[in-house]
Amino acid sequence: MRRTTPLALAAAALLLAGCGSQSDGDTGSNGKVSPAPSSHAPGTDGGACASQAELKAGDDGHTVCVTKGGEVRVTLDGTKERPWKPVSASGTALKGINAGFVIQPGDATAAYQAVSAGTVRLTSSRPLCAEPTAPGEVSCKGIQEWSVTVRVR
């Protein structure tokens, strides 16, 4: 028969006490746990409308809600070898404004003001891989598409 030392029992108790004590968000003064922050822009995918939305490549496929008078800013980081095409908007609820910063080769940036209620689809695309630079290299014709639906309320 094997003996268990008090030190091993104490270690096991500490390990068990730590289990289940983590939370996925902050605890407010009322003791309720708020949800962990989202990994995408505010107002996306059914949340409350935001006055400003900052969109990145990772927001592809999301729906963003912006209040009338608010702003939508898009920054798609590309490379010289795999550049993003300029962002295009289909719809009249957004009006293009000055993005206000320098574009690096391959990047696509855009900024819009929400001028009326409605829905706009923002889109861009870029090559999945760089074009061949030497004879005998394989060519890639794949395209990475990006789109976000913006609802203005």
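## A tour from one cysteine outwards

Select Cys-49 to begin: with a relative accessibility of 25%, Cys-49 counts as partly exposed. That label covers everything between buried (under 20% relative accessible area) and exposed (over 50%), worked out with a 1.4 Å probe on protein chains only.

Before you click on, a quick word on what you're looking at. This is a predicted model, so local features need pLDDT of at least 70 and side-chain atom pairs count only at pLDDT 80 or more, while totals for chains, interfaces and linings use all residues. Residues are numbered from 1 along each chain as its sequence is written, and side-chain values use heavy atoms, with hydrogens and water left out.

**Stop 1: the partner of Cys-49.** Now add Cys-65 to your selection. A disulfide (a pair of cysteine sulfur atoms within 2.5 Å) joins Cys-49 to Cys-65, with 1.7 Å from S to S. This pair ties together distant parts of the chain: Cys-49 sits in the loop between α1 (6–18) and β1 (50–55), Cys-65 sits in strand β2, and they are 16 residues apart. Which way does the bond twist, right-handed or left-handed? The torsion about the S-S bond is about 45°, so the disulfide is right-handed. Unlike partly exposed Cys-49, Cys-65 is buried, at 0% relative accessibility.

**Stop 2: the other disulfide.** The whole structure holds 2 disulfides, so jump to Cys-129 and Cys-140, whose sulfur atoms are 2.2 Å apart in a disulfide. Both cysteines are in the loop between β6 and β7 (143–152), 11 residues apart. Cys-129 is partly exposed, at 22% relative accessible area. Count the bonded cysteines along the chain and the pattern reads 1-2, 3-4.

**Stop 3: strand β2.** Go back and colour residues 63–76, which make up strand β2. Pick Thr-75 in that strand; Thr-75 is buried, at 17% relative accessibility. What does Thr-75 touch, leaving out residues up to four places away in sequence? Show Leu-55, Lys-56, Ala-57, Phe-101, Ala-108 and Thr-109 and you'll have the set. Touching here is a contact, meaning heavy atoms within 4.5 Å.

**Stop 4: a salt bridge.** Show the side chains of Glu-71 and Arg-73, which meet in a salt bridge at 3.3 Å, N to O. The rule asks for a side-chain nitrogen of Lys or Arg within 4 Å of a carboxyl oxygen of Asp or Glu, and by this rule the count comes to 1. Glu-71 is partly exposed at 26%, whereas Arg-73 is buried at 19%.

**Stop 5: strand β6.** Select residues 118–127 for strand β6 and zoom in on Gly-118. Gly-118 is partly exposed, at 27% relative accessible area. Beyond residues up to four places away, Gly-118 touches Ala-93, Val-150, Arg-151 and Val-152. Try a distance label to Thr-92 as well: the C-alpha atoms are 7.5 Å apart, with the two positions 26 residues apart along the chain.

**Last stop: zoom out.** Switch to cartoon view to find 1 helix and 7 strands, running α-β-β-β-β-β-β-β from the N terminus. These are DSSP runs: helices are H or I with at least four residues, strands are E with at least two. Of the 153 residues, 28% count as buried. Finally, colour by pLDDT, the predictor's confidence in each residue from 0 to 100. The mean is 77, and 69% of residues reach 70 or more. Over residues 1–40 the pLDDT is below 50, and this stretch has 17 contacts in the model beyond near neighbours in sequence.
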